[in-house]
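Reader: Please take one part of this model and go through it closely, with the cut-offs behind each term. I would rather have one connected account than a list.

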Amino acid sequence: MTDSHNSGQHKDREAAAAEVRRMWQPTPSWTQPDPNDTEPAEEKDEQQPDALSQEFPGDSWSTPATDQPVDQPAPWTQPQATPPAPSWTQPVAESAAASWTQPEEFDEEPVVEPQAPDATEPTAESPEQTPAGPNSPVFGGSSFHGSGSGPEQSTPGQPQPGQAGQLGQPGQAGQPGQPGPQRGQGGQPLSPAAQHFFPQGIPGQQPPQPPQNLSFRTDDLIQALPLPREAPAERGVRSMLKLRPGSSERSERIARATAATAFRRPVTIVVANPKGGSGKTPTTLLLSGALGQARGGGVVAWDNNELRGNMHLRTHDTNSRSTVTDMLQAMPMLTQPDARLGDVAAYLRHQVSGQYDVLTSATTTYAQIEANDFDLIHRLLSRFYKVLVIDTGNNEGSSNWREAMKAADALVIPIKWKSLSCAAAVQMLEELDNQGPEAQRLIRRAVIAVSNGPGDVNKEVEKQLRPYFESRAAAVVDIPTDMHIAAEGPLDHSALQPATRRAALDLAARVSEQVTIALNAPR
């Protein structure tokens, strides 16, 4: 059984040697003809016989290789008449080691195999040790090195064929650290027998693998992420069954997201109607509370009345009873570079339920707000707040009223379906229409807020004037009658009816849309 096993291994080695000779035949440096070649006899006699065919003929793998001494140089390392230079060799200096095609001497020490340390020469019982060893003259070994030079004497950066021919070192074949495909010359794959001797492929035959570009841009990675799933319903039976929200709840979510739009700079929203009792102050507080709840703060409501307004009566004095007059007196301190929001908040009223702050007007008549005062306060509040909602007085001719219109990014016109309230709003629109292109664009971005108290609705007035306001303004939002607002006390957003809070959110969304249009419109 041992002889048959050895015979099978000899046949595999014979087939591998024949295939290696076939693959290395086209190389310019191997000028010896293949024994299996079918060229005429005359041409074969002129050429030098193949070293592999001389040393290892077709049937020599099945017999013990005992005729060739171990310390004898390989036949193909003898000097040749005119050996052609290999195409892949690099020019070296005169002191460098000679090419692997020059004659060389084997080491005086006998070749020792790792599996059989006591075997110094091939025997009949182990004929495979000599050709399969790492220092064998057939595959690697000293026959591929220059004479008298080892790996430590090689020129840095110059490829050494001896290193590339060693087996079991994947980092030295082809590209360093990149094992190439197991293919021979011409892209032909190696047979299993040849792969046993060349597990990394023929040295120097692997094409360089281009590096793969695995870098991505941040936008590509973000777009590749899956979209977040819609949150389940929060109200009604759908919330208990963990279903998707209905159309009304989904529209409310859209309105809340629109009201929370992040503007690129502080914006100013002006609420104006020259007629007293038209609902300017309640509309200002409803809009401020809806924006504050949707945005999570950053909103201030300002009672810009030149003498005395009513906002201090419609809000909670939670932490301060200061007015705009007190703030003007502290303006030298508040305008310092190191002033903080807490310093300004000491003169404001914070409304907890609506998450917004309030700056009330003066409670006396001896200090009237002028245009310069408006500019100082507007600049200060714009430094610490993102959204300013300004409630105006009834005098269109006052300087602070006109300055507010100049600073407005959006206009809200509160009305009631009553003759006097609607007539004052129409007159204001006509007056603004004569102020130039900026005022005309402000009218086109205006939002009409209809807030009626008990018994305030006149059907005939609504029938005649609703089409007019819809054609002049961007939108008309109806706020239902709420007894909490009609009580004329401090307005608490948590005490409003759900329909009123929903209408206030729609108003905030509509106004935010117009502010976005104003910021994006070219000037």
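Author: Helices (H or I, at least four residues) and strands (E, at least two) are DSSP runs, numbered from the N terminus. On that basis the protein has 21 helices and 8 strands. The model is predicted: local features need pLDDT of at least 70 and side-chain atom pairs count only at pLDDT 80 or more, while totals for chains, interfaces and linings use all residues. Residues are numbered from 1 along each chain as its sequence is written, and side-chain values use heavy atoms, with hydrogens and water left out.

The part to look at is the sheet, with strand 5 as the point of entry. Two strands count as paired if DSSP finds at least two bridges between them. The 8 strands form an open sheet of mixed pairing, in the order 3-4-2-5-1-6-7-8. Strand 3 (349-351) and strand 8 are the edges; each has a single partner strand, so one side of each has no neighbour in the sheet. From one strand to the next the twist averages 25°.

Strand 5 (residues 387-392) has 6 of its 6 residues buried, so the rest of the structure largely encloses it. Buried means under 20% relative accessible area, exposed means over 50%, and partly exposed is in between (1.4 Å probe, protein chains only). Val387, Val389 and Asp391 point one way from the strand, and Leu388, Ile390 and Thr392 point the other way. For comparison, 41% of the 523 residues of the protein count as buried.

Strand 5 pairs on either side. It runs parallel to strand 1, to which 5 bridges join it; Leu388 is the bridge partner of Thr268 there. With strand 2 (residues 299-304) the pairing is again parallel, over 6 bridges, and Asn304 stands opposite Thr392. At the edge the sense changes: strand 3 and strand 4 (residues 356-359) are antiparallel, with 3 bridges, and Arg349 has Val358 as its bridge partner.

One helix crosses much of this sheet. Helix 10 (residues 280-295) lies across strand 1, strand 2, strand 4, strand 5, strand 6, strand 7 (447-451) and strand 8, and runs at about 170° to strand 5. Such angles run from 0 to 180 degrees between N-to-C directions, with axes fitted as lines to C-alpha atoms, for helices over the stretch in contact.

Next, the packing. In soluble globular proteins, nonpolar side chains tend to be buried together. A nonpolar core here is a set of buried Ala, Val, Leu, Ile, Met, Phe, Trp, Tyr and Cys residues joined through side-chain atoms within 4.5 Å. The largest has 46 residues, and Met327, Leu381, Leu411, Ile413, Ile415 and Phe469 have the most contacts inside it. Helix 17 (residues 419-433) gives the most to this core, with 6 residues. Apart from this core lies another of 37 residues, including Ile269, Ala301, Val477 and Leu507.

Leu411 shows the packing at one residue. Leaving aside residues up to four places away in sequence, Leu411 touches Val270, Ala272, Met405, Leu432, Leu442, Arg445, Ala446 and Val447. Contact means heavy atoms within 4.5 Å. Across the protein, residues 24 or more positions apart account for 74% of the contacts with a separation of 6 or more.

Charged pairs also join parts around the sheet. A salt bridge is a side-chain nitrogen of Lys or Arg within 4 Å of a carboxyl oxygen of Asp or Glu, and the structure holds 17 of them. One of them joins Arg265 to Asp409, with the closest N and O atoms 2.8 Å apart. Arg265 is in the loop between helix 9 (247-259) and strand 1 (267-271), and Asp409 in the loop between helix 16 (399-407) and strand 6 (410-415), so the pair ties together parts 144 residues apart in sequence. Asp409 is buried, at 4% relative accessible area, whereas Arg265 is partly exposed at 35%.

At strand 8 there is a further pair: Arg466 and Asp478 form a salt bridge at 3.0 Å, N to O. Arg466 lies in helix 19 (residues 459-472) and Asp478 in strand 8 (residues 475-479), 12 residues apart. Arg466 is buried at 18% relative accessibility; Asp478, at 39%, is partly exposed. Both belong to a salt-bridge network with Glu462 and Glu470.
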